[in-house]
Amino acid sequence: MKLFDLVKKLGTQEQCLSLLEEVRWGSSHPTCPYCGSKQVSRHKEKVRQSRWQCSGCQKSYSVTVGTIFHRTHLELPKWFAILS
């Protein structure tokens, strides 16, 4: 895939997060990376809907936890462009 096509397809943070969720979890439900619980749901706050909330340990997390993208200050579209 050409860089231009990748940027068009994954131009926003939300699109990149969706792709990571698809790659990491596929069609299965996410598992909490902290306690392993499968009792998780989307975060209820509108501004944090890219995050998940664990019912077991009560921690909030995103798909980037445990990846090279965890705690990065660079937006994912830029990361994806660099890595492509």
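## Exercises on a predicted model

Gln-58 is found in the loop that runs between E2 and E3. This residue belongs to a predicted model, which the exercises below examine step by step.

### Exercise 1. Backbone angles in two loops

Task: Determine what sign phi takes at Gln-58, and whether this residue is buried or exposed.

Solution.
- Step 1. Phi of Gln-58 is near 70°, a positive value, and the residue is not a glycine.
- Step 2. The relative accessibility of Gln-58 is 53%, and exposed means over 50%, so Gln-58 counts as exposed.
- Step 3. Arg-71 also calls for inspection: its phi is positive, about 65°, although Arg-71 is not a glycine.
- Step 4. Arg-71 lies in the loop between E3 and H3, and its relative accessible area of 71% makes it exposed.

### Exercise 2. Secondary structure and the sheet

Task: State how many helices and strands the protein chain has, and give the order of the strands in the sheet.

Solution.
- Step 1. The protein chain contains three helices and three strands.
- Step 2. Along the sequence, these elements follow the pattern α-α-β-β-β-α.
- Step 3. The three strands form an open sheet in the order E1-E2-E3, and their pairing is antiparallel.
- Step 4. E1 and E3 are the edge strands, each pairing on one side only.
- Step 5. Strands of a sheet pair through backbone hydrogen bonds, in either a parallel or an antiparallel sense.
- Step 6. Between E2 and E3 the antiparallel pairing extends over two bridges. Gln-53 stands opposite Ser-60 in E3.

### Exercise 3. The salt bridge

Task: Identify which side chains meet in a salt bridge, and where in the chain they lie.

Solution.
- Step 1. The structure holds one salt bridge.
- Step 2. Its partners are the side chains of Arg-42 and Glu-21, with an N to O distance of 2.7 Å.
- Step 3. This pair links distant parts of the chain, since Arg-42 is in strand E1 and Glu-21 in helix H2, 21 residues apart.
- Step 4. Side chains of opposite charge can pair when their charged atoms come close.
- Step 5. Arg-42 has a relative accessible area of 36% and is therefore partly exposed. Glu-21, at 12%, is buried, because buried means under 20%.

### Exercise 4. Aromatic pairs

Task: State how many aromatic pairs the structure holds, and classify the geometry of Trp-25 with Trp-52.

Solution.
- Step 1. There are four aromatic pairs in the structure.
- Step 2. For Trp-25 and Trp-52, the ring centres are 5.9 Å apart and the planes stand at 85°; planes over 60 degrees apart count as edge-to-face, so this pair is edge-to-face.
- Step 3. The pair links distant parts of the chain: Trp-25 is in helix H2 (residues 13-25) and Trp-52 in strand E2 (residues 52-54), 27 residues apart.
- Step 4. Trp-25 counts as buried at 13% relative accessibility, and Trp-52 is buried at 7%.
- Step 5. The rings of Tyr-34 and Tyr-61 have centres 6.5 Å apart and planes at 75°, so this pair is edge-to-face.
- Step 6. Here too distant parts of the chain are linked: Tyr-34 is in the loop between H2 and strand E1 (40-42), and Tyr-61 is in strand E3 (residues 60-61), 27 residues apart.
- Step 7. Tyr-34 is partly exposed, with a relative accessible area of 41%, whereas Tyr-61 is buried, with 0%.
- Step 8. Ring pairs also join Phe-69, Trp-79 and Phe-80 into a cluster.

### Exercise 5. A charge over a ring

Task: Determine which ring the charged end of Lys-59 sits over.

Solution.
- Step 1. The charged end of Lys-59 sits over the ring of Tyr-34, 4.7 Å from the ring centre.
- Step 2. Tyr-34 is thus a point where two contacts meet: its ring pairs with that of Tyr-61 and lies under the charge of Lys-59.

### Exercise 6. Burial and the nonpolar surface

Task: State what share of the residues is buried, and which residues make the nonpolar surface patch.

Solution.
- Step 1. Of the 84 residues in the protein chain, 30% count as buried.
- Step 2. Ile-68, Leu-74, Ile-82 and Leu-83 make a nonpolar surface patch of about 390 Å².
- Step 3. One of these residues, Ile-82, lies in helix H3 (residues 76-83).
- Step 4. The relative accessible area of Ile-82 is 56%, so Ile-82 is exposed.

Notes
Residues are numbered from 1 along each chain as its sequence is written. This is a predicted model: local features need pLDDT of at least 70, side-chain atom pairs count only at pLDDT 80 or more; totals for chains, interfaces and linings use all residues. Side-chain values use heavy atoms; hydrogens and water are left out. Patches are made of residues with over 30% relative accessible area and no salt bridge: like charges are joined within 9 Å, nonpolar side chains (Val, Leu, Ile, Met, Phe, Trp, Tyr) within 5 Å. Accessible areas come from the Shrake-Rupley method with a 1.4 Å probe; for residues, only the protein chains shown count as cover. A salt bridge is a side-chain nitrogen of Lys or Arg within 4 Å of a carboxyl oxygen of Asp or Glu. Helices (H or I, at least four residues) and strands (E, at least two) are DSSP runs, numbered from the N terminus. Buried means under 20% relative accessible area, exposed over 50%, partly exposed in between (1.4 Å probe, protein chains only). Rings of Phe, Tyr and Trp (its six-membered ring) pair if their centres lie within 6.5 Å; planes under 30 degrees apart count as stacked, over 60 as edge-to-face and the rest as tilted. A charge sits over a ring if NZ of Lys or CZ of Arg is within 6 Å of the ring centre and within 35 degrees of the ring normal. Two strands pair if DSSP finds at least two bridges between them.
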